[in-house]
Every structure is written in structure tokens, then in C-alpha cells.
Amino acid sequence: MFGLEALDLARIQFAFTISFHILFPAITIGLASYLAVLEGLWLKTHNDTYRDLYHFWSKIFAVNFGMGVVSGLVMAYQFGTNWSRFSDFAGSVTGPLLTYEVLTAFFLEAGFLGVMLFGWNKVGRNLHFFATVMVAIGTLISTFWILASNSWMQTPQGYEIVNGQVIPVDWLAVIFNPSFPYRLMHMATAAFVATAFFVGSSAAWHLLRGKDNPAIRTMLSMAMWMALIVAPIQAVIGDFHGLNTLEHQPAKIAAIEGHWENHGDEPTPLILFGWPDMKEERTKFAVEIPYLGSLILTHSLDKQVPALKEFPPEDRPNSTIVFWSFRIMVGLGFLMIFTGLWSLWLRKRDKLYTSRPFLYLALWMGPSGLIAILAGWFTTEIGRQPWVVYGLMRTADASSNHSFMQMSITLIMFVVVYFALFGAGLGYMMRLVRKGPKIDEGKETNEGGPGQKRTPARPLSAADDNGDGDRSPSPSLTKEI
């Protein structure tokens with residue numbers, strides 16, 4: 001069907017499941033840190049706006065966290081079902097790294113998540129804040145181990161191959177492989193930027209509908225400060241990441257640039273747009289800027305960038321895909337920087353919350369961070385092909401021995417179940433976003449707030465009276481206490 005084989009379907013299936021999964025951890029990482037900042041600001045300033053926003057976004061965080069755990073479990077099982085040869089070859093490296101992620105990050109998050117979500121009126125202020133910070137740190141530790149594993153597949157080191165299997169000989173070299181620091185910073189920063197635009201978009205939506213209050217304004221203000229500061233930093237990190245990729249995976253860079261051959265000693269131009277044709281080995285309709293490719297990729301005006309024709313055809317990534325996925329990522333990055341700069345210009349003129357053109361831009365930029373993450377992930381993973389472990393094991397040698405029919409059935413089942421299950425979850429999460437923060441949510445009393453009386457005088461005094469997470473004691477019980 002469509003010239004696809006069982007291997008192609010296995011790759012599509014993993015790409016499909018990881019595309020769903022990566023969105024949830026990205027928002028989880030950003031929201032966890034955002035919640036920690038909100039609670040810290042509330043404790044410092046006693047401004048109830050930060051408390052109201054904490055309660056609002058903690059619900060969305062909880063839904064997102066749950067969907068991330070479920071989608072992550074499915075991916076882990078695929079290593080054994082669809083990629084058993086890869087697991088047999090490199091499992092002694094990837095297995096322990098994923099185990100470390102569970103033992104450190106997941107246990108840390110799980111241990112404090114209950115206190116964070118349900119302990120608002122049951123523990124002291126400092127303990128609750130500590131729980132929130134621990135959950136935020138846990139998400140970052142999880143990012144550390146996952147990126148260590150994936151980065152090792154991109155730039156493997158610290159190993160020996162014995163009897164056809166990878167044996168780790170230096171765990172520090174395995175973990176801190178050449179691409180790991182750049183990819184860790186790039187992914188973590190991407191999560192913060194994506195969350196900022198998600199939060200800013202929700203605030204813009206409410207402002208456009210006439211719901212203007214301190215909580216909504218704070219959401220937009222904090223989101224745009226994050227965009228203004230972090231989006232340019234992400235561009236700088238991306239530049240360092242590109243230099244590292246040029247050193248260790250030059251074929252990937254050549255495919256990203258759609259650069260097929262060098263001519264004499266001429267510097268490499270930058271191809272802005274075009275259509276790389278893998279069969280004809282050229283980029284059609286290319287729009288080039290002389291010298292700029294050398295300047296960006298080598299930071300000089302005379303050095304050349306390796307060309308695709310310097311590599312055997314069987315070792316070339318699919319330039320048609322990564323050429324455009326990279327440009328989608330970069331294009332959205334420039335839009336993010338522009339949005340942050342525009343917000344600063346409006347802020348100085350006291351029009352940040354009233355400029356409808358800007359609010360519409362902020363609204364439509366809501367999914368931009370997530371789309372950029374997907375585009376960047378496609379660039380990274382497809383650009384690594386035809387290798388599953390770069391230079392050591394080809395993707396064609398890593399898959400399990402499944403038939404085309406088996407892979408077709410499981411892929412169809414994944415698509416149906418994922419769209420039904422996660423579609424419902426995303427729909428519920430967006431309904432929560434549309435409700436917006438309640439100004440009186442979690443309103444503190446002398447008897448019920450964090451740091452006050454931690455144990456209710458009667459069991460029912462901790463009940464959820466309004467059905468929306470507010471566990472403050474009722475007025476009658478307050479009198480009795």
C-alpha cells in the first residue's frame with residue numbers, strides 16, 4: 001500500500017505516538033515551573049491574584065500530567081514490541097537511562113504531586129510550596145534522562161561492542177555525550193516558550209471576549225515577559241546546537257540546508273526556500289542568499305558546509321522533509337521573538353491589554369510553541385536516518401520481525417484510540433482554559449488556608465463545597481471552630 005513496508009509502518013507508528021506524547025511533557029515542564037513561580041510570588045507578595053492563577057493552572061497541569069504518563073507508557077512498550085532488535089543491541093545503555101528517569105524524576109513527581117494538588121488546606125505554606133518546587137524539579141530531571149538517552153543515540157560514546165551488543169564502559173561519557181548539553185537546553189527552553197505562548201493565548205482569548213481582570217492581565221503579562229526574554233535565548237542555543245550538529249552529524253546539516261554540492265572554493269549560500277528532490281539530487285526552485293550559509297553554519301565567510309553528494313545515497317537523510325520541518329521551526333521562532341518585542345512596545349504605551357491586533361496575534365500564536373517542538377523533533381529524528389544509533393545501527397536492522405498486516409492493524413488501532421482518548425482529554429483541558437481563573441477561588445480564611453490550621457476541626461470542614469476545588473471551611477463551621 002502506497003509503496004510502504006512493515007518497517008515504514010513501524011516508523012510511522014512510533015512517530016505518531018511520540019508526536020502525541022511530546023506535547024504533554026512539554027506543557028507539563030513549563031506549567032510545573034510556572035506554578036512554582038506563582039506560588040512563590042503569592043507567598044512573597046500576598047497578592048491573591050497569584051493564588052487564583054495557581055488554582056486555575058494546577059487543574060490544567062493535572063489533566064496534562066495524566067495524559068503524559070499514559071502516552072509515555074505506550075512508547076516504552078514499543079521498544080519491546082516493534083524495535084526488539086534495537087533493544088537487544090542498545091538496551092544495556094537506553095534501559096538503565098530510562099530506569100534512572102523513573103527512579104529519580106517520576107518517583108519525585110509522584111511523591112509530591114498529591115501534596116501539590118490536594119494539600120492546599122492540609123499542610124503548611126512552606127511545605128506546600130516545597131512540594132510544588134519538587135514537582136517542577138522532577139519534570140526537569142525527567143527531561144535530563146530522556147534527553148541523555150536520545151542524545152546518546154544521536155552521538156554515541158562511552159561504549160564497546162561485544163558479541164553484537166553495546167556495552168557501556170564509561171557512564172559519564174554515555175550520559176554527557178557531545179550533543180547532550182545542547183539538546184537538553186534546547187528542549188527545556190522550548191518547553192518554557194511553548195508554555196508561555198499557551199498561557200498568553202488563553203489570556204488573549206479572554207481579553208478579546210471582554211473578560212478583563214487582574215488575573216487575566218497577569219497571565220498575559222507574565223507570558224509576554226517570558227516570550228521576550230526566552231525566545232531570543234532559544235535562538236542562541238539553537239545556533240550552538242547547529243554548530244554541534246555540523247561537527248557530529250554533517251549529513252543532517254546538509255539535508256536541512258538542501259545543499260547538494262560545493263563548487264570549487266565558493267562559500268556555501270543559504271537556501272531560503274526550495275524543494276529538495278532526492279531522486280534528481282538537487283533543490284528545485286531554490287532561492288539563495290550567497291555566503292549566508294557559511295556565515296550561519298561556520299561563522300565565517302569562506303568555509304564550506306558539507307554537501308549531500310559527499311555522502312553515499314544510502315546514508316543521506318530525507319532532505320525533502322527535514323528541509324521544511326526545520327524552516328517551520330525557525331519561522332515560528334522568529335514570530336515568537338517578534339511577538340515578544342511587540343508586547344514590549346505596547347507595554348511601554350499602556351496598550352498591551354487593549355490592542356486587538358496584538359491580542360489576535362497572541363491568540364493564534366498559542367499552539368506555535370508546540371508546533372515548533374514537533375517540527376524540531378521531526379528534524380532531529382528524521383535527520384538521523386538511516387541510523388537508529390548514529391553510525392552503529394541502521395533503522396532497517398532495528399525493527400522486530402512483524403508482517404505488513406500486523407503493523408497495519410496496530411497502526412489503525414493506535415490512531416483510533418489516540419484520537420478518541422487524547423482528543424477527549426484535550427477537549428476537557430481546553431474547556432478548563434475557556435472558563436478562566438475564578439477571582440475568589442481558593443479564598444483564604446484564618447481557619448483554612450496553608451499555614452493556618454492544618455487539620456480541620458471536623459471531617460466535613462475539608463469537603464469540596466463548591467465542586468470546584470475550593471476546600472475552605474463553610475461559614476457555619478468557621479463559627480464553630
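# Hairpins, helices and backbone exceptions

User: Which residue is the bridge partner of Glu160 in β2?

Analyst: Within β2, Glu160 has Ile167 as its bridge partner, and I should say at the outset that the model we are looking at is a predicted one.

User: How many bridges join β1 to β2, and which way do the strands run?

Analyst: Strand β1, covering residues 159-162, is joined by 4 bridges to strand β2, covering residues 165-168, and the two run antiparallel. Another pairing in this hairpin sets Val162 opposite Gln165 of β2.

User: What does the turn look like there?

Analyst: The hairpin leaves 2 residues between β1 and β2, and in that turn Asn163 has a positive phi of about 55°.

User: Where else does a hairpin residue take a positive phi?

Analyst: In the hairpin of β3 and β4, where 4 residues lie between the strands, Glu281 takes a positive phi near 55°. Glu281 sits in the loop between β3 (270-277) and β4 (282-289), and the strands themselves run antiparallel with 6 bridges joining β3 to β4. One of the pairings there puts Ile271 opposite Glu288 in β4.

User: Why is Glu281 classed as partly exposed?

Analyst: Its relative accessible area is 25%, and since the partly exposed class covers values between 20% and 50%, Glu281 counts as partly exposed.

User: And Phe285, what is its phi?

Analyst: Phe285 also deserves a look, as it has a positive phi of about 55° although it is not a glycine. Its place is in strand β4, and at 69% relative accessibility Phe285 counts as exposed, because that class begins over 50%. For context, most residues other than glycine have a negative phi, and most peptide bonds are trans.

User: Speaking of peptide bonds, which residues does a cis one join?

Analyst: A cis peptide bond links Gln385 to Pro386, with omega at about 10°. Pro386 belongs to the loop between α12 (368-384) and β5 (387-389).

User: Let's change topic to the helices. Where does Ala32 lie, and is it buried or exposed?

Analyst: Ala32 lies in helix α1, which takes in residues 6-45, and with a relative accessibility of 0% it counts as buried. Leaving aside neighbours within four places in sequence, Ala32 is in contact with Phe61, Val135, Ala136 and Thr139.

User: How far is Ala32 from Arg356?

Analyst: Their C-alpha atoms are separated by 30 Å, and along the chain Ala32 and Arg356 are 324 residues apart.

User: What about Leu140, which helix is it in and what does it contact?

Analyst: Leu140 has its place in helix α4, residues 125-154, and, apart from neighbours within four places in sequence, it is in contact with Ile29 and Phe192. With a relative accessible area of 33%, Leu140 is partly exposed. The C-alpha atoms of Leu140 and Ser33 are 9.2 Å apart, although these two residues are 107 residues apart in sequence.

User: Then Thr218, buried or exposed?

Analyst: Thr218, in helix α7 (residues 214-248), is buried, because its relative accessible area of 17% falls under the 20% cut-off. Leaving aside neighbours within four places in sequence, its contacts are Thr49, Tyr50 and Leu53.

User: Stepping back, how many helices and strands does the protein have?

Analyst: There are 14 helices and 6 strands in the protein. The radius of gyration is 25 Å, close to the 23 Å that the globule rule gives for 481 residues, so the protein is as compact as a globular protein of that length. Its C-alpha trace spans about 85 × 55 × 45 Å along the principal axes.

User: What share of the residues is buried, and what share of the contacts comes from residues far apart in sequence?

Analyst: Of the 481 residues, 51% count as buried. Among contacts with a separation of 6 or more, 77% are accounted for by residues 24 or more positions apart.

User: What about the surface and the charges?

Analyst: The protein exposes about 22,400 Å², of which carbon and sulfur atoms supply 66%. It has 36 positive and 37 negative charges, and the mean positions of the two sets are 11 Å apart.

Definitions and conventions: Residues are numbered from 1 along each chain as its sequence is written. This is a predicted model: local features need pLDDT of at least 70, side-chain atom pairs count only at pLDDT 80 or more; totals for chains, interfaces and linings use all residues. Side-chain values use heavy atoms; hydrogens and water are left out. Two strands pair if DSSP finds at least two bridges between them. The radius of gyration is taken over C-alpha atoms; the globule rule is 2.2 Å times the number of residues to the power 0.38. Buried means under 20% relative accessible area, exposed over 50%, partly exposed in between (1.4 Å probe, protein chains only). Contact means heavy atoms within 4.5 Å. Accessible areas come from the Shrake-Rupley method with a 1.4 Å probe; for residues, only the protein chains shown count as cover. Lys and Arg count as positive and Asp and Glu as negative; His and the chain ends are not counted. The place of a charge is taken as NZ of Lys, CZ of Arg, CG of Asp or CD of Glu.
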